[in-house]
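Colleague: I should be grateful for a close look at one part of this structure, namely the packing of its interior. Please set out the answer as one connected account.

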Amino acid sequence: MPSIELKNICQYICRDVNLKIRDRELLVLLGPNGAGKTTIANIIAGLTDYEGSVLFNGAPVDKLPAHKREVGYLFQDLVLFPHLDVAANIAYGLRAKKQPPDQTEAKIKKLLQMMKIEHLSSRYPKHLSGGEKQRVALARALAPSPRVLLLDEPLSSLDVPTTKYLRTELRQLQQRLGITTIYVTHDLQEAEEMADRIAVLQDGQLEQVGKPEEVFFYPQNERVSDFIGAPNILDCDYCRSLGRGVMEVGCGGLTIIVPHIGNLAKRIAIFPHDIHISETKPVGPAVNRFKGTITSVSPTQEAVRIGLKAGTKELTARIPHHTFEDMNLVAGKKVFVILKLRRIRVYEDKERRP
Amino acid sequence: MLKKLRPGWGLLPVAVFLALWELVARFNLVPGELSFPPFSVVVIEFYHLAANGVLGDNFLASLTRVLIGFVTGSLAGIAVGIAMGWRENFNKALHPIISLFYPIPALGWLPLLMLWIGINELLPIAIIFICSFFPVLYNTVTGIRNVDKDYIRVARTLGASDFKILTTVAIPLALPNIFTGLRLEAGMAWRVIIAAEMVAIPTGIGALMMRAESLIRIDIIIVCLIVLAVMCLAFERFFQYMEARVTTRWR
């Protein structure tokens, strides 16, 4: 399996994208809608014109048309051929390349087994469920033994339980096959679970490339952190060093201890899931602990978002459903708010704030 | 509700209609001096015409013209339509011309073709060719161009060449549209051939009708109209059936 390299890729939306994807790696291309994620996948597949160079294993493939690049591409809408049954869909790439019929048959059988869809082989796509279609589309993409696999939001059309299940399966399959994969998504949780590395793309520009924990906990700039968790961003009124790797900043009446990064902290960021809420006064030192009032409670699919007012600042916290159920949190209630010191990010400049 | 009835029940309205027809004609309930033969007389005349070969000869003449004109016209329409639908250059070059010719009714060509071709067997075939060519072409172009581009892109990433994509993806997915064109024109070909034969050709069902008119044989005219109606219906139904056979599995 080759490594992939994008060199100075420019297109209508993409601005000078440089990216290396290692052999056998699963790289998640993460970004909001319209960031250019699909465009990059299309560029690698050769489905769109571009400037710059795409290299597979160091060799440029820019001159190769899409049908010679040997890229397996799973489209967002899966795009199964409606006029072909499951087996013929999977066989499409093999027949297009004129593989001998007996080899084709054997390969189809193997893929049907691998994706656990043997019972579907003579069905037409209109009779398949979303999850089944997904498996068929993946089998079809894998059939011609592509050098690279591109997955464009492959789970976005499925319900949550199916998504979770298929995500794990997809990851295992990718590791087993050792196929270099680019996985496009706007879903943070999906990115975190799937990725070897994450590349954050915004407005056609790569903002940060790194391991999931790097990107999630140490976003390189505010554009990344804005997207990653819509973190609470607080402007600092003052800051002073306390020594021993920490400093104190004042934000709207709150005195917050943060990691020391220099003496010019302009604002700090903290993710909603790094804010703790307690009904009773917690034991231990009162570092980064404030009295606050709940202003709103809004359950989402994954967690409960709690709006808080502490000092003059509005904060958003995110707590898991099970924690929420153990507490009695309603709007207007007074609680203790704890900010996790090591999860607070400090920014010195504001120039890249959108 | 209707679907629960047994198939034979669908013929009930037809039977009622024929009975009414028979009664109205027998009891002379038609106003004025109109000559109106009862259904039974028409049936007997049909038998006479069939027995002495007049109906068969004229029917065969019309059928042959329709088949030759329709098959060649449709094939040409499909071929040009595929080229136009698949290749933007062809479409750009031919679309303006086709758009100008398409609205001309097939019979509008008759005077011109009578002068160019003369009154011979080629004339009705040419008319039917034109009558089939443009609509089938139009539906084919639409069908091919409407194929979702993602199907083409996915086929490309799977390693299929342009020609392969055309034959294995674009044409099969355009089939429903192509069949719609064929079905509509199969009936239309019969309507046009009758009209052409009435005006310009001395043989065929249309010509038989004109001769019957000059002899004031209303029963023969009605026989011809029934043959026409049955043939239009049969041709359309044939293509409906074919379309269903080809596409119901996946549509």
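Modeller: The account below begins with the basis of the model and then turns to the interior.

This is a predicted model, in which local features need pLDDT of at least 70 and side-chain atom pairs count only at pLDDT 80 or more, while totals for chains, interfaces and linings use all residues. Residues are numbered from 1 along each chain as its sequence is written, chains are lettered from A and ligands numbered from 1 in the order in which they are written, and side-chain values use heavy atoms, with hydrogens and water left out.

Chain A has nine helices and 21 strands; helices (H or I, at least four residues) and strands (E, at least two) are DSSP runs, numbered from the N terminus. Of the 354 residues of chain A, 52% count as buried, where buried means under 20% relative accessible area, exposed over 50% and partly exposed in between, with a 1.4 Å probe and protein chains only.

A nonpolar core is a set of buried Ala, Val, Leu, Ile, Met, Phe, Trp, Tyr and Cys residues joined through side-chain atoms within 4.5 Å. The largest such core holds 103 residues, and V54(A), F81(A), Y92(A), L150(A) and W190(B) touch the most other members. Helix α8 (residues 162–199) of chain B supplies the largest share of this core, 15 residues. A second, separate core has 45 residues, including L74(A), L138(A), L158(A) and M194(A).

Contact means heavy atoms within 4.5 Å. Neighbours within four places in sequence aside, F81(A) is in contact with N89(A), Y92(A), P125(A) and R140(A), and also with Y151(B), V154(B), A155(B), L158(B) and V169(B).

N89(A) and R140(A) also take part in the meeting of two helices: V86(A), N89(A) and I90(A) in α2(A) meet V136(A), A139(A) and R140(A) in α4(A). By class, this contact has four nonpolar, one polar and one charged residues. The axes of helix α2 (residues 86–96) and helix α4 (residues 130–142), both of chain A, come within 7 Å and cross at roughly 30 degrees. α2(A) is therefore roughly parallel to α4(A), a term for angles under 35 degrees.

Elsewhere in chain A, D274(A) lies in the loop between β15 (267–270) and β16 (275–278). D274(A) counts as buried because its relative accessibility is 1%. Residues up to four places away in sequence not counted, D274(A) touches I338(A), L339(A), K340(A) and R343(A).

Note on methods: Axes fitted to C-alpha atoms, helices over the stretch in contact; angles between N-to-C directions. Parallel < 35°, antiparallel > 145°, perpendicular 65-115°, else oblique. Nonpolar A, V, L, I, M, F, W, Y, C, P; charged D, E, K, R; others polar.
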